Amino acid sequence: MKLFNKLFALFCLAGITSLSVQAQQQVDKCGFNHAVEYLNQKNPYYKQQINDAYQQWVIEANAKQNKNDKSIYVVPVVFHVVWNSNNPQENLDDSVLIEQINVLNEDFRRLNADTVNMRSGFAPVVGDAQIEFQLACKDPNGNATDGIVRVQTSTTFGGGFLPDMASIAKIQNTSQGGSDAWNTSEYLNIWVGDINGGSATPSLLGVATPPAGLSNWPANSIPPELTDGAIIHYSAFGRNNPVAMTATVINGRTVTHEVGHYLGVRHTAENTFGGLFGSICGDDDGLTDTPNCDQSQQGCNATRNSCTDAIPGVGDLPDMVENYMDYSDQDCQNSFTTGQINIMRSVLQNERNGLLTSPALSNCVVGVEENSFADKVTVYPNPSTGIINISSTENEDLKITFYNGLGQAIQPVVLGKNQYQINKQGIYFVNIQSKTASVTQKIIVK
Ligand SMILES: [Zn+2]
């Protein structure tokens, strides 16, 4: 990134000064481009191949605009919590992991409450990606699982001024003190651990790999050294994380950002990472609906407009600090654009389609449970704006219980018999019981 290059140049010129200390604190939050460089060192075809693929996706995404199908894609997730014996707080509780899934579902379905903060000028270019995430209920051997693997380790991962990718990659290997991936074509593997070498001031929040290994790639063009998926620093993870770092806001968007990379999307200031699309204020990330900008933002500066845009039907927009693929503060981010969504959905339809047919989610009892009683009850409308009605073809009393995404029972406002109101956007579950049967349905409040 340009800012980083500038600071690094100053670091080299000025040596150890107070400015270089500042530079160290402002190094990349995201290791995506470091991962790409690292993998390219291992295989000189790698960078060219993923850039060629990206440029093709961009052409298609720009041409497609809003012509997406309406199907919802569900991505199976496995978390590998790799925690160091010297720091047991890295062993994050299940509730933190589950809440991270909720953040992904809100952000990728545009159900996040903070969309109200988005400046209205962006309304024509943002959307619902219609992608959801669920913890795997079957492991690669077909056995039941909660989708969470926990590994206690004595190994230290990462650290250094530039991210030590070779060290970080160990977290993905059991034999090196980490946790082996589950079949990467059928699971989104997310490792959670200390990837800053135990630093008291961690700077790298997360890393992810782009889709790779396309059918037309040369044999052996995917280096095995860094496994497919995302790696997240434990204190940059989740939004109810009791040990979240305090130097910056952490509300779950580290993972939203890295999963964006995993699904093919680049930084909104991609041009500053090596000129993939020409000059600063040129084509930037290549997408016509993300405003061009001269650098990734740190903070939440809503007045900055570094480049003049010609977004179809919209014209010029300021730098988009609301975009999940910027470096802006996490509580400033709230949106993906249609172009970004087009890329992610295309990647799921093609390069990552193994996720959509994965046995990882077959016959999961979590979420929507299918049985004959389900045919007799109706929950409507769904999605709703908060008022939910429940009816049954059997004229009988129903016991109705609502749960939030954490599985905690909640008490919605009772408007009448079998009519309820939930006042907060999100994904919920409602369990409906008769005297003889029970069904749980997922409901969405927009
Ligand atoms: Zn990134």
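Me: When does a residue count as buried, and what percentage of the protein chain is buried in this predicted model?
Reply: A residue is called buried if 20 or more other C-beta atoms lie within 10 Å of its own. This is a predicted model, and its protein chain has 446 residues. Going by that cut-off, the buried share comes to 43%.

Me: How many helices and strands does the protein chain have?
Reply: Both kinds of element turn up in this chain. The count is 8 helices and 14 strands.

Me: Is helix H5 largely enclosed or largely open?
Reply: H5 runs over residues 94-108. Val 96, Leu 97 and Phe 108 are among its buried residues. Since 11 of its 15 residues are buried, the rest of the structure surrounds it, so H5 is largely enclosed.

Me: Which strands and which helix help cover the buried residues of H5?
Reply: The cover comes from several places along the chain, including strand S1 (73-84) and strand S13 (426-433). Strands S2 (131-135) and S3 (148-153) are part of it too. The helix that helps is H7 (253-262).

Me: What residue with a positive phi follows H5?
Reply: H5 itself reaches 21 Å from its first C-alpha to its last, close to the 21 Å expected. After the helix comes a residue with phi near 55°, and that's Arg 110.

Me: Where does pLDDT stay under 50, with 27 contacts beyond four places in sequence?
Reply: The mean pLDDT of the chain is 85, and 85% of its residues reach 70 or more. Where pLDDT is low, don't read the predicted coordinates in detail. The stretch you're after is residues 1-26.

How values were computed: Residues numbered from 1 in each chain as written. Predicted model: local features only at pLDDT ≥ 70, side-chain atom pairs only at ≥ 80, totals over all residues. Helix = DSSP H or I, 4+ residues; strand = E, 2+ residues; numbered from the N terminus. Buried ≥ 20, exposed ≤ 12 C-beta atoms within 10 Å, placed from the backbone. Expected span 1.5 Å × (residues − 1). Contact = placed C-beta atoms within 7 Å. pLDDT = per-residue confidence, 0-100.
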